[in-house]
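Please look through the sequence and the structure shown here, and then follow the report below, which takes up a set of strands and afterwards a pair of helices.

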Amino acid sequence: MLGDTPLPSLASDPMDRAKGLPQNPRDWPLVSVVIGCRNEEGFIRECLDSIRDNGYPADRLDVLVMEGNSTDRSPSILKEYSERHPFVRVIPNPARITPVAFNIGVRESRGDYIMLMSAHATYEKGAIQRCVDLALSTGAENVGGVWKIHTRRDGVVAQAIACVLSHPFGVGGASYRTETGGRPRWADTAAYGCYRKDVFRRIGLFNEKLVHSQDMEFNLRLKKAGGRTLLVPDVVIHYSTRSDFRSFMKHNFRNGVWVILPFALSPIVPVSFRHLVPLGFVAGVCFLGAASFFSVSARGLLAGIGVLYAVTDFAAAAALSWREKKTLLFPILVCLFPSLHVTYGVGSVVGIFRLAFQPLAWRRLFAVWGDGVKRGLDVVLSFAALIVLSPVMLVSAGLVRWTSKGPALYRGVRVGRYGKLFKMLKFRTMVVDAEARGGPSTAADDPRIVPLGAFLRRWKLDELPQLLNVLGGQMSIVGPRPQVVDDVERYSNEERALLEVRPGLTDLASIRFHNEGEILKGHPDPDKAYDTLIRDEKIKLGLRYVRERSLWLDVKIILLTLRPLLGLSARIP
């Protein structure tokens, strides 16, 4: 495969980039706004009005409301609204869960940018334009704003809940909840992001197994893939939160559970450290409470934690009461902060117990352990191989430079683990302008191959520089071969499992198609022949490796890879 597209690079300061939106609004990109909606009769009209009146041209908007079989008046409201505003489309979401709604919306979207929205939220005027402008000017894969939390009903308890959910002591480092001003900055997540559409082609859609926390996991996957999220404090989304104590507690408990369950349902660590702090707090207090029956030190430590927490709790409650100029808030806030933390932490404990009885969770645990061992072996083996094979590599590099014009190394952009782009190294075996002369698939009789290139390809010597990729962590000794961006964008959801592991120097498909160039030889269109004769089987073998991977399988693959080079047959186990 060929291709040498430069890796995306972003300035450290989000504002140090080129200009954004064109001056003429007719030239602005089409934006799709995807909204999940189920039983939102009290909110959906106001949400749509905020989009309509936001200032972005209506003919550059594509609003998709994913209707989840509502039992209230939401369907009739949406029908009326879509009839009056052609840019609004209503699409059924029979699964009735958020990740499915978002995925249907992404698939049906027509825009160059996709914004996600909640039915019980509204945009401040200019928010859409601001997000798209910054996405264009910074190159960020995701641009989002901050929540301004409002209550769904009046009352001092409702006001206190809104205060707790937007204060650092209540929600930790969730900047999209606590920021109130300042310049745009890079962050882990932002409220209701504006994504470039190609992001979904590169790293996949939302994880539909995650009934909750799917946006958090998606943004962390984006970060793993090398993408960046830009938090813009002056992009404000007004969010209506639950306003009664029972709903507040129930929601916090559920959030605590769903901080843990994604560990069995996602290929990455699906949460940030701050999400595990309540679990640590509750577990620590329980442990010290039990230990205090036997240890004076435990009693002292427990008392110290209690005093520190109480002081912080009282200080945060006092500051909020002063800010809101309402003394009655103080005792309620003093109770709500620990209620939030303890309920969330207990939910996480329950999540751990639920996780313990899921076989998939144990498989994930062993996979993580095996991945750490494999990475250690990759470092040792690649370093040793670079030393042993350095004479061969130096001679090969010199011969490439001597026998043909151009550099010794070819640096092709490939898609690595979690969709992160990297530059794969090879000894150059083709003419310098090979990309301009043909497609990515290379037959043995391809006229672009230089004389020495055929020899290097036959003995796989052109792949030796990839030992540097292995040493650097972009690749592994064994794993599915890295593919170009265009091919990865064609992956189905099932095929995206290939991105859960590091790409490798060799794998089952490399053994099966060790003579790929000969298979494509004589075909007038090698790219079409590759799709017909090789691609599907190669993907099946890659997925098999992802499912069955183990250190023993890696050893067998390495040994089998050597057999064709020695003129021996190799049968896939």
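## Strand β2 and its first partner

How many bridges join strand β1 to β2, and how do these strands run? In this predicted model, strand β1 (residues 31-37) and β2 are joined by 7 bridges, and they run parallel. Within this pairing, serine 32 stands opposite aspartate 62 in β2. To get from β1 to β2 the chain passes through helix α1 (residues 44-52), and this β-α-β crossover is right-handed.

## The other partner of β2

β2 is also joined to strand β3 (residues 88-92), here by 5 bridges, and these strands run parallel. Valine 63 stands opposite valine 88 in β3. From β2 the chain crosses through helix α2 (residues 74-84) to β3, in a β-α-β crossover that is right-handed.

## How β2 is enclosed

Strand β2 (residues 61-67) is largely enclosed by the rest of the structure, because 7 of its 7 residues are buried. Both of its faces are covered, with Leu61, Val63, Val65 and Glu67 buried on one side, and Asp62, Leu64 and Met66 buried on the other.

## Helices α11 and α12

Two packed helices are described by the angle between their axes and the distance between the axes. For helix α11 (residues 277-291) and helix α12 (residues 296-324), the axes come within 8 Å and cross at roughly 140 degrees. Angles over 145 degrees count as roughly antiparallel, and α11 and α12 are therefore oblique to each other.

The crossing in which α11 passes α12 is left-handed. On the α11 side the contact is made by Phe281, Val285, Leu288, Gly289 and Ala291, and on the α12 side by Ala298, Leu301, Leu302, Ile305 and Tyr309.

Methods. Residues are numbered from 1 along each chain as its sequence is written. This is a predicted model: local features need pLDDT of at least 70, side-chain atom pairs count only at pLDDT 80 or more; totals for chains, interfaces and linings use all residues. Side-chain values use heavy atoms; hydrogens and water are left out. Buried means under 20% relative accessible area, exposed over 50%, partly exposed in between (1.4 Å probe, protein chains only). Helices (H or I, at least four residues) and strands (E, at least two) are DSSP runs, numbered from the N terminus. Two strands pair if DSSP finds at least two bridges between them. A crossover is right-handed if, with the strands pointing away from the viewer, the path from the first strand over the helix to the second runs clockwise. Axes are lines fitted to C-alpha atoms, for helices over the stretch in contact, and angles run from 0 to 180 degrees between N-to-C directions. Angles under 35 degrees count as roughly parallel, over 145 as roughly antiparallel, 65 to 115 as roughly perpendicular and the rest as oblique. A crossing is left-handed if the near helix is turned anticlockwise from the far one by less than a right angle, and right-handed if clockwise. Contact means heavy atoms within 4.5 Å.
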